[in-house]
Amino acid sequence: MAALALIEEGFDVALPSFKQPSFDMISKWGSALHTIQVKTGCLAPNCKTVQWKTTKHASGLYSADDCSYFGLVLIPRNSIWWLPFSAIRGKHSVCTNIEHDLLAQYRGNLDGLKKCH
């Protein structure tokens with residue numbers, strides 16, 4: 001779902017093979033190149049709250065060396081939040097409410113991925 005959203009927007013997308021790096025895909029827009037870690041969120045029983053775990057295996061938290069963006073996917077709602085690593089730094093999980101979305105600026109917003117950092 002995340003790769004398709006990027007491709008439909010005109011990004012080039014590459015997936016790693018043979019090795020398991022700390023990112024799930026690479027996106028390219030002009031000279032902007034970003035490594036992306038994709039996480040799938042769970043909708044709580046109240047159908048309003050979503051939580052994504054942003055930890056990496058048993059080794060703990062991701063670092064800026066692992067990925068530059070997170071694609072937080074909510075499949076039942078066909079939504080993706082594109083968060084720069086700086087928005088998640090130091091967090092074990094990210095939680096938001098669909099009705100009062102504290103991360104609304106990132107939902108479906110690919111503008112950051114079109115810039116070189």
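User: Which element gives the largest share of the lining of the second largest pocket?
Analyst: This is a predicted model, where local features need pLDDT of at least 70 and side-chain atom pairs pLDDT 80 or more, while totals for chains, interfaces and linings use all residues. Residues are numbered from 1 along each chain, and side-chain values use heavy atoms, without hydrogens or water. The pocket (an open set of 1 Å grid points over the protein atoms alone where a 1.4 Å probe fits, with protein on both sides within 12 Å along at least five of seven lines; lining residues have an atom within 4 Å of a point) includes M1, L4, W82 and L110 in its lining. Two elements give two or more residues, β9 (79-84) and α1 (2-9), and the largest share, 4 residues, is from α1.

User: Happy to move on to rings: which parts does the pair of F11 and W29 tie together?
Analyst: F11 and W29 form a tilted pair, 4.9 Å centre to centre with 50° between the planes (centres within 6.5 Å; under 30 degrees is stacked, over 60 edge-to-face, the rest tilted). The two residues are 18 apart in sequence, so the pair joins the loop between α1 and β1 (12-14), which holds F11, to W29's strand, β2.

User: Is W29 buried, exposed or partly exposed?
Analyst: Its partner F11 has a relative accessible area of 3% and is buried (under 20%; exposed is over 50%, partly exposed in between, with a 1.4 Å probe and protein chains only). W29 has 30%, so W29 is partly exposed.

User: And which residue lies over the face of W29?
Analyst: A charge counts here if NZ of Lys or CZ of Arg is within 6 Å of the ring centre and within 35 degrees of the ring normal. At 4.3 Å from the ring centre of W29, that residue is K114.

Terms used. Phe/Tyr/Trp six-rings, centres within 6.5 Å; stacked < 30°, edge-to-face > 60°.
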